[in-house]
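Below are some points that may be worth checking by eye before the coordinates are taken further. They move from single backbone features to a helix and then to the interface between the chains.

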Amino acid sequence: MEVMESDHVHHAIEEQQEQQHFHVLAVDDSLIDRKLLERLLKVSSYKVTCVDSGDEALKYLGLVDDDVDKNSPASSSSSSSPQSPAQDGLKVNLIMTDYCMPGMSGYDLLKRVKGSSWKDVPVVIMSSENVPARISKCLEGGAEEFLLKPLQLSDLKNLEHYLLKPLHHSCQSNIISDIAAEDDGVDSSDDNINNDIIDSKSSSSSSNNNNSIINKRKAVSPEPSERRPRAKGLAVV
Amino acid sequence: MAYLVQLQKQFDDYRASLFNEGFLDDQFEQLQQLQDESNPDFVVEVVSLFFQDSERLLNELATSLDQQNTDYRKVDAHVHQLKGSSSSIGAQRVQRVCIAFRNFCEEQNTEGCLKCLQQVKHEYTLVKNKLETLFKLERQLLAARGSSFV
């Protein structure tokens, strides 16, 4: 029994560490583009799962129809699909999919996801072609953004806006407050911060024991003196 | 020490020429930005994938265009893939030929397609040689740096 308990603790710790990184499901039929996207995402500190088709993406999300399951061999799981963790607790914060894929297109995948229990997960569509009608169609279909390939690191910076909260399939919300308290937590925990400011102001004027979020708010608007260029070491005579 | 400086200059000049002559574009720089100590071979790996993929596609294209009744949708699909992968690694000249190639596919212009196939093969061979040379120069440079700190 003790052995099982320590295993359980070990798994819990691992899982918590995993949960601290946003998890992106990347869908692209091109091996080169998958490799690129995976690297881009990892460099930006995201956890990534890559699949090569819309069908594989749906399988991973557990959205495959029963009929399809019945037809496939009972004991096999295809070697190309990733280890699909148990439905309960599977966390996907963002889906990035190519538009042009054989079989199911990125748009088809978008519609399937939006019509499922994963509908709140932001979906970003990528394409090498700049076709305005295609872009509108995807955005109207619920895509968060449409990115032109090849993707660059700067494109990923914008993704942060949709990734404020981890979305658990089983709706666990323990991590939400942890992540909200980081970096951009100012907006979501506004009330708490205001209370803190009021409290500290009333106690002492020069108190520096505020939490870091308050200092960040102060740092947003630089004081006038900082805008003046610093004097260089050498004086011009 | 002079040897090291010479190697470095040779490498830098060669690399610059690839950009100046349009073989590579900014996307190749992006690839290099993704490489670091934890993934020191990233660029070589991605470029190797590009070589493998391109060779496969060029063979498919030759086969598809050799048919009695060319299936232009199939040809276009292959060219689209080649355009995408060349764009992803920054192989600008290959990508440009692919754009023209796709236009001929749309027109179902066999002669135009065959010409583009020759042209894209030519550009691919050129950029492959250039990149292989670049990687070789880089290896020489790294080897020389390594030994100069003995």
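1. Helices and strands here are DSSP runs, a helix having at least four residues and a strand at least two, and they are numbered from the N terminus. With that convention, A:S45 lies in the loop between α2 (31-43) and β2 (47-51) of chain A. Please bear in mind throughout that this is a predicted model.

2. The backbone of A:S45 deserves a look, since this residue has a positive phi of about 65° although it is not a glycine. Its side is neither buried nor fully open: A:S45 is partly exposed, with a relative accessible area of 45%.

3. Chain B offers a counterpart in B:Q108, a residue other than glycine for which phi is positive and near 55°. B:Q108 sits in the loop between α5 (92-107) and α6 (110-148) of chain B, and at 52% relative accessibility it counts as exposed, the cut-off for that class being over 50%.

4. A further backbone feature of chain A is the cis peptide bond that joins A:K149 and A:P150, with omega about 0°. A:P150 belongs to the loop between β5 (145-148) and α7 (153-157) of chain A.

5. On the overall make-up of chain A, the secondary structure comes to 12 helices and five strands, and 36% of its 237 residues count as buried. Among contacts in chain A with a separation of 6 or more, 68% are between residues 24 or more positions apart.

6. Where do the buried residues of α5 (residues 106-114) of chain A point? These residues are A:G106, A:Y107, A:L109, A:L110 and A:V113; seen down the axis of the helix, they fall within an arc of 160°, so they line one face of α5(A). An α-helix has 3.6 residues a turn, so residues three or four places apart point the same way. What covers the buried residues of α5(A) includes β1 (23-27), α3 (54-61), β3 (94-98), β4 (123-127) and α6 (132-140) of chain A.

7. At the interface, 22 residues of chain B are in contact with 15 residues of chain A, and the area buried between the two chains is about 1600 Å², with carbon and sulfur atoms giving 61% of it. The rule finds three salt bridges across this interface, including one between A:E129 and B:R102, whose closest N and O atoms are 2.6 Å apart. On the side of chain B that touches chain A, α2 (26-33), α3 (42-65) and α4 (72-89) of chain B each supply at least two residues, and the residues of that side divide into seven nonpolar, nine polar and six charged.

Terms used
Residues are numbered from 1 along each chain as its sequence is written. Chains are lettered from A and ligands numbered from 1 in the order in which they are written. This is a predicted model: local features need pLDDT of at least 70, side-chain atom pairs count only at pLDDT 80 or more; totals for chains, interfaces and linings use all residues. Side-chain values use heavy atoms; hydrogens and water are left out. Buried means under 20% relative accessible area, exposed over 50%, partly exposed in between (1.4 Å probe, protein chains only). The arc is that of the directions from the helix axis to the C-beta atoms. Contact means heavy atoms within 4.5 Å. Buried area is the accessible area (1.4 Å probe) that two parts lose on being put together, summed over both. A salt bridge is a side-chain nitrogen of Lys or Arg within 4 Å of a carboxyl oxygen of Asp or Glu. Ala, Val, Leu, Ile, Met, Phe, Trp, Tyr, Cys and Pro count as nonpolar, Asp, Glu, Lys and Arg as charged, and the others, Gly among them, as polar.
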